[in-house]
Amino acid sequence: MSAPPGPPAGSTPKAPGDTPETLGDTPATKAAGPARETLHYAVRNPKLLIGFTVVLVLLALGLFGPPLLDTTDPNAYGGPQAAPPDSTYWMGTTTFGQDVYAQFVHGLRATFLVGAVGGAIAAVVAMLVGFFAGYRGGVLDELLTMVTNVVLVIPALAVLLIINAYLGVRSVPVQGVFIGLTSWPWAARAIRAQTFTLRTREFVDLARLSGNGTWRIVFREIAPNMSSYLFMMFILLFGGSVLIASSLDFIGLGPTGGVSLGLMLQSAQQWSALQLGMWWWFVPPGAGITAIVGALYVANVGLDEVFNPKLRES
């Protein structure tokens, strides 16, 4: 009787306990490939690095700057009036002796907060409407699309003006909530269109045949395949919330307490800082708003280049 055939020449015999998992061929290892590739291009994309660096620096200043100040009240009248920047007051003082630097770091915190609240609420509403309208279709799709179109044609800024004008007490979180509830329609329509293209894929059909419900299919199968798109959408919603909040603040409908970058611009305009040549009063908040929104846009362009293989640079 002939001996059983041995392993091919040059191969390494496997031990009896060697399985694909013990040899490193695990699903986690396979999934790490695309993630490692994305990270490879992300750390080499100058737009992404510059954009996120600017945002993180301003965010750190807004988070850690206020506790390092000598005063907890950014509107305190404690300094010389209309003083230009010096070693004591890094950004000068207002007409009333308020420290512009203290207002700036507190304003950064409020600006990031309203952007995060408004962007998060808008993103959640847009995902719920877009996912279920695109996946279920039929009557639900028609109903959600009608609601989206109605909200889309309503002038959001006018609605916010009316709501803010009649609110007795306005705060940054409340402002973010109203901004989020009026700025989601365009994102919902985009998510709906993307969901339409994914709901007929094989992995969705397989999940449906396996008996998975709508919620599980949407958030375990469809949403992960749109994660990069959803992240980029949130960045745009974040920047849009910052711009809308700054506009409301500038026309005097911002928070009734505290300080924000938009409120700093409104105070500078109200007390004729430009005419008086007090550039240190209106330049920092204007530059801060521009830097946040501009850096988010640049980072979003960088993310598009990272996630889209056709736009990647080797």
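Let's start with the largest nonpolar core, which has 34 residues, and the members that touch the most others are F104, L108, F112, L261 and I292. Please keep in mind that this is a predicted model. Which elements give two or more residues to this core? They are α2 (46–64), α3, α10, α11 (261–270) and α12 (279–307). The biggest contributor is α12, with 10 residues. There is also another core lying apart from it, made of 24 residues, and F132, V218, I222 and M226 are among them.

Let me zoom in on F104, since you can find it easily on the screen. F104 sits in helix α3. Is F104 buried or exposed? It is buried, because its relative accessible area is 6%, and the cut-off for buried is under 20%. If we set aside the neighbours within four places in sequence, F104 is in contact with L61, M91, L261, M264, P284, P285 and G288. L261, you may recall, is also one of the core members that touch the most others. Here is one distance to look at as well: F104 and P74 are 30 residues apart along the chain, and their C-alpha atoms are separated by 8.5 Å.

P74 comes up again with another residue of helix α3, namely H106. H106 counts as buried, because its relative accessibility is 16% and the limit is 20%. Which residues is H106 in contact with, leaving aside its neighbours within four places in sequence? The answer is P66, L69, T72, P74 and V259.

Now let's move along to helix α7, residues 185–198. There is a nice little check we can do here. At 1.5 Å a residue, the 14 residues of α7 should span 20 Å, and the end C-alpha atoms are indeed 20 Å apart, so the two agree. The buried residues in α7 are P185, A187, A188, A190, I191, T195 and L198. As a reminder, an α-helix has 3.6 residues a turn, so residues three or four places apart point the same way. What do the buried residues of α7 pack against? The partners are α3 (100–136), α4 (138–153), α6 (172–182), α8 (202–209), α9 (214–222) and α10 (227–250).

One residue of α7 that belongs to a rather different story is W186, which is part of a nonpolar patch on the surface. Its companions in the patch are L143, M146, V147, V150, L152, V153, I154 and L236, and together the patch residues have about 800 Å² of accessible area. Which helix gives the most to this patch? That is α4, with six residues. Take V153, which lies in α4. V153 is exposed, because its relative accessible area is 67% and exposed means over 50%.

Finally, let's step back to the whole chain. The protein chain has 12 helices and zero strands, so, by the way the elements are assigned as DSSP runs, reading from the N terminus gives α-α-α-α-α-α-α-α-α-α-α-α. Of its 314 residues, 38% count as buried. Among contacts with a separation of 6 or more, 73% are between residues 24 or more positions apart. As for the surface, the protein chain exposes about 17300 Å², with carbon and sulfur atoms supplying 66% of it.

Key:
Residues are numbered from 1 along each chain as its sequence is written. This is a predicted model: local features need pLDDT of at least 70, side-chain atom pairs count only at pLDDT 80 or more; totals for chains, interfaces and linings use all residues. Side-chain values use heavy atoms; hydrogens and water are left out. Helices (H or I, at least four residues) and strands (E, at least two) are DSSP runs, numbered from the N terminus. The expected span of a helix is 1.5 Å times one less than its number of residues. Buried means under 20% relative accessible area, exposed over 50%, partly exposed in between (1.4 Å probe, protein chains only). Contact means heavy atoms within 4.5 Å. Patches are made of residues with over 30% relative accessible area and no salt bridge: like charges are joined within 9 Å, nonpolar side chains (Val, Leu, Ile, Met, Phe, Trp, Tyr) within 5 Å. Accessible areas come from the Shrake-Rupley method with a 1.4 Å probe; for residues, only the protein chains shown count as cover. A salt bridge is a side-chain nitrogen of Lys or Arg within 4 Å of a carboxyl oxygen of Asp or Glu. A nonpolar core is a set of buried Ala, Val, Leu, Ile, Met, Phe, Trp, Tyr and Cys residues joined through side-chain atoms within 4.5 Å.
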